[in-house]
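This report describes how the strands and helices of one protein chain are arranged. Please keep the sequence and the model in view while reading.

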Amino acid sequence: MTTTWTAPGISCQHCVDAITAEVGKVTGVTDIAIDLDDKTVAVTGGDNDAVVAAILEAGYDVN
């Protein structure tokens, strides 16, 4: 199942790399797609709470 969150602070490749690195550590995550134009993070697999915590750990707010 894929869940999509809004991360309004993302704006560049560094943001993508930071979020991808943290979310990639979450057990069960199989895919991460970040859209800079829409400021969204779509994640397949993993626990939703753990994914949100990983995005926050990367330094970005998430809705």
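## The enclosed strand and its sheet

In this predicted model, strand β3 is largely enclosed by the rest of the structure, because five of its six residues are buried. Buried here means under 20% relative accessible area.

How are the strands of the sheet ordered? The sheet is open and has three strands in the order β1-β3-β2, paired in the antiparallel sense. The edges are taken by β1 (2-6) and β2 (29-35); each has a single partner strand, so one side of each is left without a neighbour in the sheet. On average, neighbouring strands of the sheet are turned by 20° against each other, direction ignored.

In general, the strands of a sheet pair through backbone hydrogen bonds, in a parallel or an antiparallel manner. In this sheet, β1 and β3 (residues 40-45) are antiparallel and share five bridges, while six bridges join β2 to β3. Several of the residue pairs are listed below.

| Residue | Partner in β3 |
|---|---|
| T2 | T44 |
| T3 | V43 |
| T6 | T40 |
| V29 | G45 |

The strands β2 and β3 also form a hairpin, with four residues between them. In this turn, K39 has a positive phi of about 60°.

As a general rule, the side chains of a regular strand alternate between the two faces of the sheet. The edge strand β1 has a covered face with T3 and W5, and an uncovered face with T2, T4 and T6.

## The two helices

Helix α1 (residues 13-23) packs on the sheet, where it touches β2 and β3. The direction of α1 makes about 165° with that of β2.

Helix α2 (residues 48-57) lies across β1, β2 and β3 and runs at about 35° to β1. Which residues of α2 are buried? They are V51, A54 and I55. These residues cover an arc of only 100° around the axis, which puts them on the same side of α2. A general property of helices is relevant here: an α-helix has 3.6 residues a turn, so residues three or four places apart point the same way. The buried residues of α2 pack against β1, α1, β2 and β3. On the other side of α2, D49 and E57 are exposed.

The two ends of α2 may be considered next. At the N-terminal end, D47 caps the helix: one of its side-chain oxygens lies 3.2 Å from the backbone nitrogen of D49. Just after α2, G59 takes a positive phi of about 105°.

## The nonpolar core

The largest nonpolar core has 17 residues, of which I19, V23, V43, V51, I55 and Y60 touch the most other members. At least two residues of this core come from each of α1, β3 and α2. The greatest contribution is that of α1, with four residues.

What does I19 contact, leaving aside its neighbours within four places in sequence? The residues in contact with I19 are I10, G24, I34, V41, I55, A58 and Y60. One of these, I55, is a buried residue of α2.

Definitions and conventions:
Residues are numbered from 1 along each chain as its sequence is written. This is a predicted model: local features need pLDDT of at least 70, side-chain atom pairs count only at pLDDT 80 or more; totals for chains, interfaces and linings use all residues. Side-chain values use heavy atoms; hydrogens and water are left out. Two strands pair if DSSP finds at least two bridges between them. Axes are lines fitted to C-alpha atoms, for helices over the stretch in contact, and angles run from 0 to 180 degrees between N-to-C directions. Contact means heavy atoms within 4.5 Å. Buried means under 20% relative accessible area, exposed over 50%, partly exposed in between (1.4 Å probe, protein chains only). The arc is that of the directions from the helix axis to the C-beta atoms. A polar contact is a pair of N or O atoms within 3.5 Å; within protein, one must be able to donate a hydrogen and the other to accept it, and residues adjacent in sequence count only if both atoms are side-chain atoms. A nonpolar core is a set of buried Ala, Val, Leu, Ile, Met, Phe, Trp, Tyr and Cys residues joined through side-chain atoms within 4.5 Å.
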